[in-house]
Each structure stands twice: as structure tokens, then as C-alpha cells.
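Me: Could you pick one part of this structure and take me through it closely? I'd like one connected account, with your cut-offs spelled out as you go.

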Amino acid sequence: MVRPSPPAPDPDRFRWRAGLHPLDEDTWIELDDAWAAEVAAKRRLRAEVPGVFVSLDGSASRSHEAVRAIGARLLTDHPDRFSVRDGEVVLVVPSGELGSGEVAVPAVVSDHPLDRVAQVVQEDLILLDEVDGVTVTTAASVCFPTRWDPAWALGHPLAEVHGPVPRTAGRFARAIDAAIARLEPGGRGVWRHGWTLTTDPSLRLVPGERAPDPPDDPGLVGAAVWMRIERQTLRRFAGGTVLFTVRVRRWPLAEAITTAEAAADLDDQLARMPADVLDYKGLTRVVGPARRWCAEQVAALSR
């Protein structure tokens with residue numbers, strides 16, 4: 001069955017750190033009540049927007065293990081929605097949920113397994129592999145980026161991909177790189193959360209698009225500013241390929257922050273965040289109104 005959407009994030013997620021946790025396989029691929037809308041959006045974007053899927057030569061064969069694992073997970077967890085047809089996992093949905101008809105196969109015919117399976121799950125999927133001894137992005141299906149371009153990352157070493165992120169030359173980058181190096185082939189994966197605030201509630205945030213200015217009135221900020229959370233997972237498969245998944249959720253601040261403790265914690269994290277990190281995360285224009293809103297929430301919810 002499709003799960004209900006999870007509650008808003010807890011305060012422990014407002015951190016600028018790797019924050020890696022062991023991954024339970026039965027929570028690896030998530031389908032919730034936003035599934036139909038998000039999968040429909042992914043299929044439309046794949047058909048209409050160049051660069052949603054990018055790949056290097058040879059990555060298709062390297063993706064088979066990861067794609068089979070996703071298919072097995074879908075068949076186990078959601079037999080009402082997925083089936084095997086001609087040796088490939090296909091999507092089976094009630095008429096009208098993703099258009100007319102009982103069977104909805106990927107909207108775009110593709111020879112790349114990662115491209116096909118990405119069109120029936122909510123996660124964006126990024127394949128990492130070793131090329132000449134260096135771990136690089138070899139394929140990516142990214143419909144819902146948080147201001148990054150998968151085409152730029154394609155073929156680049158992780159150190160270069162991390163390069164635009166302030167301070168990742170330090171502990172954050174080393175933690176992620178070390179976590180990838182520690183992943184056992186066929187073993188347990190890891191997950192983490194990343195977050196930002198934005199005035200644009202869209203799932204798809206591309207580089208260069210300016211979000212609306214936040215309101216000056218703190219009373220309006222709770223509805224106008226959104227907390228955007230990425231749930232990221234990493235798993236290495238027996239052949240050595242690593243799959244990086246990213247699932248985006250977002251809530252208006254008024255729904256995400258409902259206790260004085262959470263408001264105080266978010267305010268503290270925003271106060272501690274260096275200017276270059278605020279700029280990278282798109283928070284420079286949002287931080288002032290968000291902190292004033294947090295202060296009002298602390299006062300109101302502490303009574």
C-alpha cells in the first residue's frame with residue numbers, strides 16, 4: 001500500500017553536516033500519497049525538458065544491479081502497483097490515476113534501465129562508478145533538483161562536484177567521500193537529510209531561477225517560506241556501482257515548525273550559518289524574515 005506522507009521534520013534535521021545513518025532496505029524506496037502526482041510530473045518533465053536524464057557510455061550495463069534491486073523492492077512492497085512483464089518491472093495503476101488505461105509504462109522509450117525505472121519512483125536517481133580509479137557520476141535522472149545541474153556533474157569526480165559547496169573541502173566532503181568508500185558491495189547502505197528554506201514551493205528548483213522575495217511581515221512568513229528536505233541514500237552493489245537516491249519533500253514553515261523548541265533550534269542554526277553557506281543554500285534573502293518569524297513562534301508557543 002502507498003504510505004501517508006510523513007510528518008514535518010524534527011529539529012535534529014536542521015544541521016549543516018553529513019549526519020549519516022544506517023539504511024533499512026525496507027525504507028529505501030518510498031512511495032507515499034504524493035506518488036501519483038510526482039510520478040506524473042516526472043514523466044512529463046522527462047518528455048519535455050532536455051537534460052533531465054544524462055548518462056555516459058557504458059553506464060546502462062552498470063545500472064542493471066541497482067535497477068533490479070529497485071524492482072524487487074517495488075514488487076515486494078507494492079504488489080498492487082507493480083508487476084513483471086516480459087522480464088521487466090512495469091507499473092500497473094488504477095484507471096485515471098496516471099491517465100487512462102490500466103498499465104502505464106514509462107512515458108519515454110529508453111534503452112537505459114535507470115532512465116526507465118526513474119519514471120515510476122518518487123526519488124531522483126544518480127549512478128556513481130569508478131572511471132580510471134576515480135568515482136564519478138555516470139548516469140543521472142534528476143527531475144527535482146535543488147538548484148544543481150546533473151549535466152554539469154556527469155563524468156566529474158566527487159571532489160569537483162563538491163567544489164561549489166562552501167566548506168566542503170573540510171569535514172563535510174571528507175565525511176561523504178569516506179562514507180562512499182566504506183560502503184560494502186552488496187551490504188547495507190546509509191541515509192541522511194539535507195535541508196534549505198525557499199519561497200518557491202516547486203519540486204523542481206533549477207540554477208539561475210530567482211525565487212520570490214520573502215514578505216517583511218513575520219505574520220506572513222509561515223505560509224510564504226517553505227522548508228525543503230532532501231532524504232538522500234547511498235548503496236553499493238556487488239559489482240561496485242553506487243546508487244545515490246534523492247527524495248524531496250517540502251512544507252510551509254508554519255507546518256514544519258510547530259513547537260517553541262523547533263523554532264529556537266532553527267533560529268540557532270540560521271544564526272550560526274556562515275554567510276557563504278547561506279548564499280550557497282539560497283538563504284541570504286530568507287534568513288532575516290525566517291529568524292524574525294522563529295522569534296515570534298518561540299514567544300507565542302512558550303506561553
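Reply: **Around strand E8**

Strands E8 and E9 run antiparallel to each other and are joined by nine bridges; two strands count as paired if DSSP finds at least two bridges between them. Helices (H or I, at least four residues) and strands (E, at least two) are DSSP runs, numbered from the N terminus. Before going further: this is a predicted model, so local features need pLDDT of at least 70 and side-chain atom pairs count only at pLDDT 80 or more, while totals for chains, interfaces and linings use all residues. Residues are numbered from 1 along each chain as its sequence is written, and side-chain values use heavy atoms, with hydrogens and water left out.

Back to E8. In its pairing with E9, Trp191 sits opposite Thr233. E8 also pairs with E1, again antiparallel, this time over two bridges, and there Pro22 faces Val190 of E8. The strand is mostly covered, with eight of its nine residues buried; buried means under 20% relative accessible area, exposed over 50%, and partly exposed in between (1.4 Å probe, protein chains only).

Zoom out a little and you get an open sheet of seven strands, in the order E1-E8-E9-E10-E6-E7-E2, with antiparallel pairing. E1 (21-22) and E2 (53-55) are the edge strands; each has a single partner, so one side of each lacks a neighbour in the sheet. As a reminder, side chains in a regular strand alternate between the two faces of the sheet. Elsewhere in the order, E6 (residues 124-131) and E7 (residues 134-141) are held antiparallel by seven bridges, and Glu130 has Thr135 of E7 as its bridge partner.

What packs against E8 and E9? Helix H10 is one answer: the cover over its buried residues includes strand E8 (190-198), strand E9 (226-236) and helices H9 (253-256), H11 (275-280) and H12 (287-301). The buried residues in H10 are Ala260, Ala262, Ala263, Asp265, Leu266, Gln269 and Leu270. H10 itself covers residues 260-272, 13 in total, and its first and last C-alpha atoms are 18 Å apart, close to the 18 Å expected at 1.5 Å a residue; the expected span is 1.5 Å times one less than the number of residues.

Now follow the chain just past E9. Phe237 lies in the loop between E9 and strand E10 (242-252), and its ring meets a residue from far away in sequence: Trp28, in the loop between E1 and helix H1 (35-48), 209 residues apart. Their ring centres are 6.2 Å apart and the planes are at 50°, so the pair is tilted. For the cut-offs, rings of Phe, Tyr and Trp (its six-membered ring) pair if their centres lie within 6.5 Å; planes under 30 degrees apart are stacked, over 60 edge-to-face, and the rest tilted. Trp28 and Phe237 are both buried. Trp28 has a charge above it too: Arg235 lies over the ring face, 4.3 Å from the ring centre, where the rule asks for NZ of Lys or CZ of Arg within 6 Å of the centre and within 35 degrees of the ring normal.

Phe237 turns up again from the side of helix H3, which holds Glu65. Setting aside neighbours within four places in sequence, Glu65 contacts Phe237, Ala238 and Gly239, a contact being heavy atoms within 4.5 Å. Glu65 is partly exposed, at 26% relative accessibility. Val242 is 177 residues from Glu65 in sequence, yet their C-alpha atoms are 9.9 Å apart.

The structure has two aromatic pairs. The other one joins Trp35 and Phe82, with centres 6.4 Å apart and planes at 70°, so this one is edge-to-face. It ties helix H1 (Trp35) to strand E3 (Phe82), 47 residues apart, and both residues are buried. Trp35 has plenty of buried company in H1, including Ala36, Val39, Ala41, Leu45 and the charged-type names Glu38, Lys42, Arg43 and Arg46.

To set the scene for all this, the protein has 12 helices and 10 strands, and 49% of its 303 residues are buried. Of the contacts with a separation of 6 or more, 71% are between residues 24 or more positions apart.
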